[in-house]
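User: Hi, I have a structure open and would like to understand how its parts fit together. Could you take me through it?

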Amino acid sequence: MISFGLTEEQDAIRGAIREFAQGVVRPLARDCDEQSKLPDDFLQQVWELGLTTTQVPEAFGGMGADRSQTTTAIALEELAYGDAGLAVAALAPSGFVNALLDHGTEEQKQRLLPGLCGTEFACGTLAVVEPGAMADASRPKTTATAKSGGYVLKGTKRFVPFGDRATHFLVVAALDSEIAAFIVARDAAGLTIGAEAEKNLGLRAVPVHTLELDGVEVSDGDRLGGSAGGNVRALLDTSRAALASCLVGVARAAVEYCVPYAKERVAFGEEIAKKQAIAFMLAESHTEVEAMRWLVWQAASKLEKGLDATKASYQAWSYAGEKGLWVADNGIQVLGGHGFTREHPVELWFRSARTLGVLEGTVSI
Amino acid sequence: MISFELSEYDRAKLDAIKEEGLICRKYARYYDEHEETEIPPDELPEAKDFAPTPNLASRQSEEDSGPSVMAMLYTVYRCWGDYAVKLRQPKAGGLGNAALMAAGTDEQKQRWINNFLAMAITEPGCGSDPSRVTASAVLDEETNEWILNGEKIFVTGGVRADGVVMWATVDKSAGRAGIKSFLVMKGTPGFEVAKKEKKLGIRGEDTATYVFSDCRIPRDQLLGGNEEVQKKGSGGFRGVMKTFNMTRPAVAAFGIGISEAALDFTREELEKAGVDLDYGAGMGNRSAVAEKFMKLEALHEASKLTVLRAAWLADQGQPNNMESSVCKAHAGSAVREITQGCIDILGPLGVSRDNLVEKWMRDCRIIDIYEGTGQIQRLIIARGLFDYTRDDLN
Ligand SMILES: Cc1cc2nc3c(=O)[nH]c(=O)nc-3n(C[C@H](O)[C@H](O)[C@H](O)COP(=O)(O)OP(=O)(O)OC[C@H]3O[C@@H](n4cnc5c(N)ncnc54)[C@H](O)[C@@H]3O)c2cc1C
């Protein structure tokens, strides 16, 4: 069946997160970006919304709701509509938790989930992104070499959220011709976490760090999914879909900001909204936001049903990456010189969109 | 619940349509090349061996898609076969029939429904702005007849149609409110098919010019029967325009079907050439050709989903005016890019008339033009966004 209908529960969640995005996230966004800071009470507030723990079974300390990638995608669009940096901060712990839920062994879930699903903010995060041009998450340069009883990891990871406080990292590495993921504790020997947070174009609210893995030893039990290995491709697909959701939220924010602005701003004796050059730009932007969203939903729905979602996730990610940036870029144009200043949020959304489009990893749905 | 998987029953219906489509495709080039002398028959010879067209609206379970969604997918895969050639051309299938169903009285519907009715709005002097229609209708009170005068161009199916719903003004000073639609059957004195157009694409579908000179029709052939001209507002105009809320997604669906055929052809050629389409890889590990093709596929999928979204809203009984324009605007430009891009990838193979890709590119070019150009769709979307009227933004 083809259906674009939300469940009642999804509708309620969307409403609640939208309110949170408007009331809490948006007002914080500019300061957090300017100062690259993330208030602790914000993290705690988000934590209490239960984004990370809701879909975790009660036995592991969660709330036992069904795992639903479509629900997370909807929530993530709303959060990113508030601010993409804060949205990534809010969802980064889920990246690790979802990976365990979807691909972890029973032992891994029992060992790690309760500690990550308490009443206080806690996190493990994904370590997927790598430095260097043309990085390809499906062909990591970081390597895992089997040795008796475990593996040795070598390489560099970038854009790892919460390097400053995560208790665990899920490191994606090449294991012979496969891709595999490994649970690495922050105090593992051979792991160096960049002392300073990275300085990037966008998503500045969330602290992201570089990890150096210099012969980090992990045990057999630390390979995601055990010796058979988890489906790391599917893990990367959930990440692509998540980044695409964020791009939908960012692009929608830009359109919704520009519409009233264009109706207000007068040039040559009439509102610029009455000029087709502006009106059409926004009509096309709105059109693309819709198109992007349905691709994201399609990918999320395939993931939720356990189907092969690699093509659908690629399409959502690639299309949203391109069009989300285009919409945000138009957002600046609609505001003209004012859009170029940091008085208005459109330049922030533009930086967010540019940054989101080149990541893979970092968050998941 | 969000879902994008077709049920088995949905799929079976669409497979049947695709099978028909492949038969139609065999005739596609022929009718493309014989535009001046022939139009496809109402039924192809193979039709007699074929099971009846599955009933689209039927659903076996909750897992099956809604009727509007299925109608759009049906349209997609019919056009995937060929835009103009259909295994069976049900006679009752013109745009005029949609107008009759939307705006006709019960009696009119009963009387005319089994005819193929074209729709004639466009004139030499007006296309995008139908409020400028100059064809006139004057009531002769003595004989109880309307006297029609004027010229209509670009009438789809105008040669093969049994009759037409044509727009004329009963009161030029009243603007939009003075425009009414009239049912005129072929053979009525004063109604003449003056010309058949020669076109870039969709050559198998005839496009005609109609001339009305003192053409008299009975008084009760005014569609909907309301002769009154309201002094304020757009009168019946808005009602008639509503006809287009489901036809715009259908036009988008035409293009989605044709461009999907082009993508399928191109994918096969890439496979033959050993080009690997690795959706999991990063950009650095793909060839430029693979990258380009995969992006065209994504564009196509995005466009298709906007069409299904507009249809799904209709199935829910929700308004879809904006969404109809969104999908028409999106598909209008997407299918141009997709079919032109496939030729880019295919090179000489793409422009050769030994294959259908060059035809598909020509056929797709109409999508952004009729039933409201891409620009007109953008106006509708922008008015929706800004909460503007036609006078605010035009
Ligand atoms: C094959 C074919 C089949 C057709 N079938 C039918 C049919 O069955 N019945 C029927 O009545 N008509 C039919 N048409 C007519 C079709 O709907 C019109 O051609 C179309 O609406 C555009 O009108 P026009 O050609 O007069 O272009 P114009 O209105 O002259 O437009 C020219 C250009 O100006 C742009 N433009 C116009 N107004 C604006 C504006 N306000 N703002 C920005 N840009 C604007 C247009 O987008 C276009 O790019 C058909 C046309 C073709 C080619």
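Analyst: Before we begin, one term: the domain bounds used here come from an automatic or database domain assignment. Please also keep in mind that this is a predicted model.

User: OK, so into which domains is chain A divided?

Analyst: Chain A is split into domain 1, covering 8-116, domain 2, covering 124-228, and domain 3, covering 232-356.

User: How far apart are the centres of domain 2 and domain 3 of chain A?

Analyst: Their C-alpha centres are 30 Å apart, and where these two domains of chain A meet, 15 residues of domain 2 are in contact with nine residues of domain 3.

User: And how much area do domain 2 and domain 3 of chain A bury between them?

Analyst: Together they bury about 920 Å², and 82% of that area is on carbon and sulfur atoms. On the domain 2 side, Ile179(A), Leu201(A) and Leu203(A) supply 48% of the area buried against domain 3, which is more than any other three residues.

User: Switching topic, how many salt bridges and polar contacts are there between those two domains?

Analyst: Between domain 2 and domain 3 of chain A the count of salt bridges is zero, while two residue pairs are in polar contact across the interface.

User: Which elements give two or more residues to the domain 2 side?

Analyst: Those are β5 (168-175) and β6 (178-185) of chain A, with β6(A) giving the largest share, three residues.

User: What kinds of residues make up that side, then?

Analyst: The side of domain 2 of chain A that touches domain 3 consists of twelve nonpolar residues, two polar ones and one charged one.

Notes. Residues are numbered from 1 along each chain as its sequence is written. Chains are lettered from A and ligands numbered from 1 in the order in which they are written. This is a predicted model: local features need pLDDT of at least 70, side-chain atom pairs count only at pLDDT 80 or more; totals for chains, interfaces and linings use all residues. Side-chain values use heavy atoms; hydrogens and water are left out. Contact means heavy atoms within 4.5 Å. Buried area is the accessible area (1.4 Å probe) that two parts lose on being put together, summed over both. A salt bridge is a side-chain nitrogen of Lys or Arg within 4 Å of a carboxyl oxygen of Asp or Glu. A polar contact is a pair of N or O atoms within 3.5 Å; within protein, one must be able to donate a hydrogen and the other to accept it, and residues adjacent in sequence count only if both atoms are side-chain atoms. Helices (H or I, at least four residues) and strands (E, at least two) are DSSP runs, numbered from the N terminus. Ala, Val, Leu, Ile, Met, Phe, Trp, Tyr, Cys and Pro count as nonpolar, Asp, Glu, Lys and Arg as charged, and the others, Gly among them, as polar.
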